[in-house]
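Student: Could you take me through one part of this model closely? I would like to see how a turn and the strands beside it fit into their surroundings.

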Amino acid sequence: LVAPVTSTATVPPVSAAAAPRRLPTPPFRRYGTADGLPSSSAYAVVQDRDGAIWFGTKGGIARYDGVDFKVFRHAADDPGSLYNNGIASLLFDRAGRLWAAGLEAGLNRYDADTDRFIHWGHDPHDPASLASDKVWAMAQGADGSLWIGTARGLDRMRPGGHGFEHVANPLLGSDPAAFGLVAAIQFDDHHQLWIGSSHGLF
């Protein structure tokens, strides 16, 4: 007769849920005005085809090539400068051109050949002008058209940059301004435009 073997070892209880793995903390480095940024408040980041990083800040635009910052600011006596320094949205289009916008900056396009900016803004005497100088978001459609989210609705730039169409939302009425503040726009993989506004998501 063989007696059953008993053990005095205790088996730890099985946890109902395994402890989550902690992700490693990435290293951080801070860049500020002492490094060449025009402002320590940065609102937008994009990368160009050459690998340089562009930042939209409260004090203008900064281009970082990995070594130095090149700064673009508004100059009162220079119509080829930024219209306003507060840049909250940046976009590179399919032609590699930089577009910049902000809450008082309207819409600006940078011409790398001349190192100057072209500006589009709101003109109360021109119904085809930008709906508002307060621009929150930009997106480019599959056909190359530029869409702009403003404080007074959604605009689409006409071919060649000759004015803007103010897009009405039939769910909100015939007045394009009924869209409200359009703060986010994005085309998905099916070329559908998603619109985030003060009156909902469309």
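Tutor: Let's start at the hairpin of β9 and β10, which has 5 residues between its strands and in which G144 takes a positive phi near 90 degrees. Strands here are DSSP runs of E with at least two residues, while helices are runs of H or I with at least four, and both are numbered from the N terminus. Two strands count as paired if DSSP finds at least two bridges between them.

A word on the ground rules. This is a predicted model, in which local features need pLDDT of at least 70 and side-chain atom pairs count only at pLDDT 80 or more, while totals for chains, interfaces and linings use all residues. Residues are numbered from 1 along each chain as its sequence is written, and side-chain values use heavy atoms, with hydrogens and water left out. As for confidence, pLDDT is the predictor's own score for each residue, from 0 to 100. The protein chain averages 90, and 91% of the residues score at least 70. Residues 1-9 stay under 50, and the model gives them 0 contacts beyond four places in sequence; a contact means heavy atoms within 4.5 Å.

Back at the turn, S145 sits in the loop between β9 (135-140) and β10 (146-150). With a relative accessibility of 14%, S145 counts as buried (under 20% relative accessible area is buried, over 50% exposed and anything in between partly exposed, with a 1.4 Å probe and protein chains only). Its side chain makes a polar contact of 3.2 Å with the side chain of W147. Such a contact is a pair of N or O atoms within 3.5 Å; within protein, one must be able to donate a hydrogen and the other to accept it, and residues adjacent in sequence count only if both atoms belong to side chains. Leaving aside residues up to four places away in sequence, S145 touches A139, Q140 and R156.

Now follow the chain into β10. 5 of the 5 residues of this strand are buried, so β10 is largely enclosed by the rest of the structure. L146, I148 and T150 point one way, W147 and G149 the other, and all are buried.

I148 is a handy place to look at both neighbours of the strand. On one side, 5 bridges join β9 to β10 in an antiparallel arrangement, and M138 has I148 as its bridge partner. On the other side, β10 and β11 also run antiparallel, with 4 bridges between them, and I148 is partnered by D155 in β11. The link from β10 to β11 is a hairpin through 2 residues.

Stepping one strand further, β11 (residues 153-157) is joined to β12 by 4 bridges, again antiparallel. Here R156, one of the residues that S145 touches, stands opposite E165 in β12. Put together, these strands form an open sheet of 4 strands, in the order β9-β10-β11-β12 with antiparallel pairing. Its edge strands are β9 and β12 (164-167), each of which pairs on one side only. On average, neighbouring strands of the sheet are turned by 25 degrees against each other, direction ignored; the axes are lines fitted to C-alpha atoms (for helices, over the stretch in contact), and angles between N-to-C directions run from 0 to 180 degrees.

What comes up to this region from further along the chain? Take L193, which is found in strand β14. L193 and Q140 are 53 residues apart in sequence and 9.6 Å apart in space, C-alpha to C-alpha. Beyond four places in sequence, L193 touches W147, L154, I185, Q186, F187 and F202. So W147 has both a polar contact with S145 and a contact with L193.

Finally, back to the backbone of the turn, since a positive phi turns up in other loops too. H191, in the loop between β13 (182-187) and β14 (193-197), has a positive phi near 65 degrees in a residue other than glycine. H191 is exposed, with a relative accessible area of 55%. D115 has a positive phi of about 60 degrees although it is not a glycine, and lies in the loop between β7 (106-111) and β8 (116-120). At 36% relative accessibility, D115 counts as partly exposed.
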